[in-house]
Amino acid sequence: MRNLGHAVAALGYGHPRWIEALTQQAKALAFQSNAVPLDVRRRAATKLAKFCGLGLDTVFFVNSGAEANENALKLACKLTEAREVVAIEGSFHGRTAAAGAVTWGAQQKWYGFPQAPFDVSFLMRGNVPAVFDTITDKTAAVIVEPIQGVAGACDLPKEFLEAIRHRCTENGTILIFDEVQCGMGRTGYPFAANMYGITPDIITTAKALGAGFPVSAVLLADHVASSLQMDSLGTTFGGGPMACAMVEVVIDIIESENLLKNVRKRSAEIRQKCIVGPVTGVQGAGLLLGLRTSRPAKEVQAELLKRDILTGTSGDPHVLRILAPFVLGSEHVEQLRAALLQIPK
């Protein structure tokens, strides 16, 4: 069993259709900037918007999750002309200037920039009353991971996200769902937004989007996209032909191989069978799961690695993350269960 590549290798390694699409696109056209219209980019954007299915029909391709979040935050500030951003305690949004500014604990650990590009407030996870005090008409954006990855696969309460959506609508604040880690099928739904039944104004996504090829995207609602001008956004490598070919084939594979259903099934099996040994509970959704451990998670991780199972730790020292590929089988869940039963509590 493999906990593959920081939620990136959603199809495992060496999927034949992925390799074939990459090879053929490399032979046909390896690079062209988004200054030149490309059919493969149009197809990828159309397919991604349809896959999302939430009416966020304008797509801007860039290269990384942090870059997607930078662009989303910039658009929100420009559109609202406000200078405050609200994020959630435990969040991780990237290591660039704006994304790092809304990452919990970054200022104390590694931020490095002399000042943030805007004022930042952090909401406590699940604190519904604080939503209405913290988000004001001075708030340009609220950026939320619906399921916080680095924090330990923390799935935020639906009522908390609904309150944020309601308050943002009241104030004209832009709601950004950062689905860099939890998006593109990892929850067993196209996006966590679909699972929760909540539509943000912007979704950012990356990681599983290219299943190993660097690519990210910003998906925009019409009222955000309508503010764009020719020079509002720019990128050299974003939306390149090879990246777009990967987006197209990844979505094709997810849909044709019914991988969303597989993610939901394997997730249910892990919840049912793997609360054994040092594991006392499971949180998260789909194949973004946090196994809560009675022992330090790093110790459990090391024991699992001895048994050829690669997992991840998290910001919570007692949560082990499962970021398995969407092609995971029942036999892999049984392998995890058997390994956990061999580890002392």
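The exercises below work through the cores, sheets and helices of this predicted model.

**Exercise 1. Determine which residues touch the most other members of the largest nonpolar core, and which helix gives the largest share of this core.**

Step 1. The largest nonpolar core has 89 residues, and those that touch the most other members are Leu48, Phe61, Val144, Ile164, Ile270, Leu304 and Leu340.
Step 2. Turning to the origin of these residues, helix H10, which covers residues 241-256, supplies the largest share of this core with 11 residues.
Step 3. Another core, of 28 residues, lies apart from the largest one, and its members include Ala101, Ala140, Val224 and Ala225.
Step 4. As background, nonpolar side chains in soluble globular proteins tend to be buried together.
Step 5. To examine one member in detail, take Leu304: leaving aside residues up to four places away in sequence, Leu304 touches Ile309, Thr311, Leu320, Leu336, Ala339, Leu340 and Ile343.

**Exercise 2. Describe the open sheet of three strands and the helices that pack on it.**

Step 1. The order of the strands is E10-E11-E12, and their pairing is antiparallel.
Step 2. Strand E10 (279-285) and strand E12 (319-322) each pair on one side only, and they are therefore the edge strands by the pairing criterion of at least two bridges.
Step 3. From one strand to the next, the twist averages 25°.
Step 4. Between strand E11 (residues 288-293) and E12 there are four bridges, with the two strands running antiparallel, and leucine 289 stands opposite isoleucine 322 in E12.
Step 5. Helix H11 (residues 259-273) packs on the sheet through contacts with E10, E11 and E12, and the direction of H11 makes about 160° with that of E10.
Step 6. Helix H12 (residues 297-306) also packs on the sheet, touching E11 and E12, and the direction of H12 makes about 45° with that of E12.

**Exercise 3. Work out how the buried residues of helix H13 are arranged around its axis, and what covers them.**

Step 1. Helix H13 (residues 330-341) has 12 residues and reaches 17 Å from its first C-alpha to its last, which is close to the 16 Å expected at 1.5 Å a residue.
Step 2. The residues of H13 that are buried are Val333, Leu336, Ala339 and Leu340.
Step 3. Viewed down the axis of H13, these buried residues fall within an arc of 125°, and so they line one face of the helix.
Step 4. Glu331 and Leu341 are exposed on the other side of H13.
Step 5. The cover over the buried residues of H13 includes H11, E10, H12 and E12.

**Exercise 4. Decide whether glutamine 25 counts as buried or exposed, and list its contacts.**

Step 1. Glutamine 25 belongs to helix H1, which spans residues 16-28.
Step 2. The relative accessibility of glutamine 25 is 14%, and because buried means under 20%, glutamine 25 counts as buried.
Step 3. With residues up to four places away in sequence not counted, glutamine 25 touches Ala30, Val40, Pro241, Met242 and Ala245.

**Exercise 5. Give the strand order of the open sheet of seven strands, and examine the pairing of E2 with E4.**

Step 1. The order is E1-E9-E8-E7-E4-E2-E3, and the pairing within this sheet is mixed.
Step 2. The edges are strand E1 (58-62) and strand E3 (119-123), each of which pairs on one side only.
Step 3. The twist of this sheet averages 20° from one strand to the next.
Step 4. Strand E2 (residues 84-88) and strand E4 (residues 139-144) run parallel and are joined by three bridges, and valine 85 stands opposite alanine 141 in E4.

Key
Residues numbered from 1 in each chain as written. Predicted model: local features only at pLDDT ≥ 70, side-chain atom pairs only at ≥ 80, totals over all residues. Heavy atoms only, no water. Core = buried A, V, L, I, M, F, W, Y, C linked by side-chain atoms within 4.5 Å. Buried < 20%, exposed > 50% of the residue type's maximum accessible area, 1.4 Å probe, protein only. Contact = heavy atoms within 4.5 Å. Axes fitted to C-alpha atoms, helices over the stretch in contact; angles between N-to-C directions. Expected span 1.5 Å × (residues − 1). Arc of directions from axis to C-beta.
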